[in-house]
Structures are given as C-alpha cells and as structure tokens.
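I opened this notebook to record what I looked up in the structure, entry by entry. I wanted the sheet, one loop residue and the charged pairs set down in whole sentences.

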Amino acid sequence: MATSQITSSLRNLPAFERFQPSTLRFPSAGHVRIGTLTQTSFPSFVVKAATVVAPKHTTVKPLGDRVLVKIKDAEEKTAGGILLPATAQGKPQGGEVVAVGDGKSVGKSIVDVSVKTGLQVVYSKYAGTEVEFNGSKHLILKDDDIVGILETAEVKDLKPLNDRVLIKVAEADEKTAGGLLLTEATKEKPSIGTVIAVGPGPLDEEGNRKPLSVVPGNTVLYSKYAGNDFKGKDGPDYIALRASDVMAILS
C-alpha cells in the first residue's frame, strides 16, 4: 500500500483525526520529509570509533569488575630506529590502570578487581570500549580481559592474571625435512612452548581461586590461533593465552 493511502486511511480513524505528515529539520541537510532520508542526506555526519566524553565530564568511574586503562601511545619507530607510518604502527595492547570498579559479585561475596591503579597492564587485543576524554584515549574493559601485569619492558617479566599462561614459543624449524632453508615468511608457526609463568587461576562459584593444571617449566602443546603474541627483547617469541587453550603437557 502506498504511503499516501496509509496516511488517508489513518486520518479516517477517530484516534488519528489530527494526524499530519511530519517533517524534521537538520542544520546540515535542509528541509527533509520523513521516509525520504537517504545515505547522502547527511554529508557532514561522521561516526568516530572512540566514544568521546563531553568536556564537562572529567572523570570516568568504572562499575563492577570493570577497569579504566589509559592506552599507551603506539610505537612510532621499529627497534632499529625506522620511522613507521601511521598505518604500520601496531595497535597498543597495554597501558596504565587509572581507575577500577568495586569488584565482581560471586555468590554472596564481592571479589576485588585483580589490579590496582598505577599498574602497567597488557590486555586482550580486541577487548573493551574505547573512550576519549581529557585529550587522551582510554579503554574500559573487564578485569577478565586483562592478560597480565607488566612493569618492565621485558615480556618475559609478564605476571599473568586469572587463568592466563605465559609461554615461551619454541623456535621454528630453519629447514624442511628435505634440507631446504626456510625464510621467516615460510616458517611454520609452532604450537609448542615452555610455560614461563601462570596466573592464580579462575574463580569458582564461591569466589575461591582454582589452581591451573600447568606450572612453570612444563612443555605444552597449545591451540594454534589462541592468545596474544609478543616479541621479546631477548629474541624469542612469547604468547599469553588462557589455560583452556593448552591442549597437552609434553614430556
């Protein structure tokens, strides 16, 4: 049924005797009739990836088990001093905790958030909601999305939280079985490594920590595409993942 027919029918009903076509006025789009809005009606409308907090708000208080992290700036240069363009700069996965919530309700008790303000933390790659205020980018995320505490520049010093495990990845094979030398691009990513550190474990229904089934020193097999990858300053690669992504202990 056409729009004009619908409008005419509604006018004949007692409840819609005063029904009139409505219009909206937008500063950048002129006089627009409802039902005729198109993608090109608002050429100046832009949606930003980050949520911008109004200038009148100068603080953000996380609730529950959420944490507010000030995102550290992306690396502008490589380790060798080469200046990176903005498109090649890696998305930061760390920052400083600036505020924490009151904790998580587990059963009849409240469990405190695992981190305190002022700590430097590493978090999951795609976690949280980004907000921008006071001229800086921040991230609001859950306590469980924080991988660990890292107070130094060395990845091997990462202190895993909750059910996370830090693994030193085994070196990839330099040659094929037939003796052909492999380039970095063609080396198969290994899924074996040595456990360097483990978190205190996940919470049970009563708010107690359950110890993990792996300990530092274990050689383990883990899921190939799990976790967060890190390059250590001492050369080897590291990966931080959940204990559930560890499939077996090798001996």
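Before the entries, I fix my terms: I call a residue buried under 20% relative accessible area, exposed over 50%, and partly exposed in between. By that scale Arg-242, with a relative accessible area of 24%, is partly exposed. I also keep in mind that this is a predicted model.

Entry on the sheet. I traced the strand order and found six strands forming an open sheet, E16-E17-E13-E14-E15-E18, with antiparallel pairing. I then asked which strands stand at the edges. They are strand E16, residues 228-231, and strand E18, residues 246-250; each has a single partner strand, so one side of each is left without a neighbour in the sheet. From one strand to the next, I noted a twist that averages 40°. Looking more closely at one edge, I saw that E16 pairs with strand E17, residues 237-242, in the antiparallel sense over four bridges, and that Asp-229 stands opposite Ile-239 in E17.

Entry on the turn from E16 to E17. In the loop between these two strands I looked up Lys-233, which counts as exposed at 65% relative accessibility. Leaving aside neighbours within four places in sequence, Lys-233 is in contact with Ala-153 and Glu-154. For Lys-233 and Ala-153 I wrote down a C-alpha to C-alpha distance of 8.1 Å, against a separation of 80 residues in sequence. I also checked Lys-231 and Asp-237, which form a salt bridge with their closest N and O atoms 3.2 Å apart. Of this pair, Lys-231 is exposed, with a relative accessible area of 58%, whereas Asp-237 counts as partly exposed at 35%.

Entry on the remaining charged pairs. My search of the whole structure returned six salt bridges. Side chains of opposite charge can pair when their charged atoms come close. One of the bridges joins Asp-163 and Arg-242, with the closest N and O atoms 3.0 Å apart. What does this pair tie together? Asp-163 lies in the loop between strand E12 (159-160) and strand E13 (164-169), while Arg-242 lies in strand E17, so the pair ties together parts that are 79 residues apart in sequence. I noted that Asp-163 is buried, with a relative accessible area of 13%, whereas Arg-242 is partly exposed.

I set beside this the salt bridge between the side chains of Lys-137 and Glu-130, at 4.0 Å from N to O. Here Lys-137 is partly exposed, with a relative accessible area of 46%, and Glu-130 is also partly exposed, with a relative accessible area of 23%.

Entry on Asn-218. I located Asn-218 in the loop between strand E14 (192-198) and strand E15 (219-222), and asked whether this residue is buried or exposed. With a relative accessible area of 18%, Asn-218 is buried, because the limit for that word is under 20%. The side chain of Asn-218 reaches the backbone nitrogen of Val-215 at 2.9 Å. Not counting residues up to four places away in sequence, Asn-218 touches Gly-193, Thr-194, Val-195 and Ile-249. I compared these numbers with the strand limits: E14 covers 192-198, and E18 covers 246-250.

Conventions:
Residues numbered from 1 in each chain as written. Predicted model: local features only at pLDDT ≥ 70, side-chain atom pairs only at ≥ 80, totals over all residues. Heavy atoms only, no water. Pairing = 2+ DSSP bridges. Axes fitted to C-alpha atoms, helices over the stretch in contact; angles between N-to-C directions. Buried < 20%, exposed > 50% of the residue type's maximum accessible area, 1.4 Å probe, protein only. Polar contact = N/O pair within 3.5 Å; in protein donor to acceptor, adjacent residues only side chain to side chain. Contact = heavy atoms within 4.5 Å.
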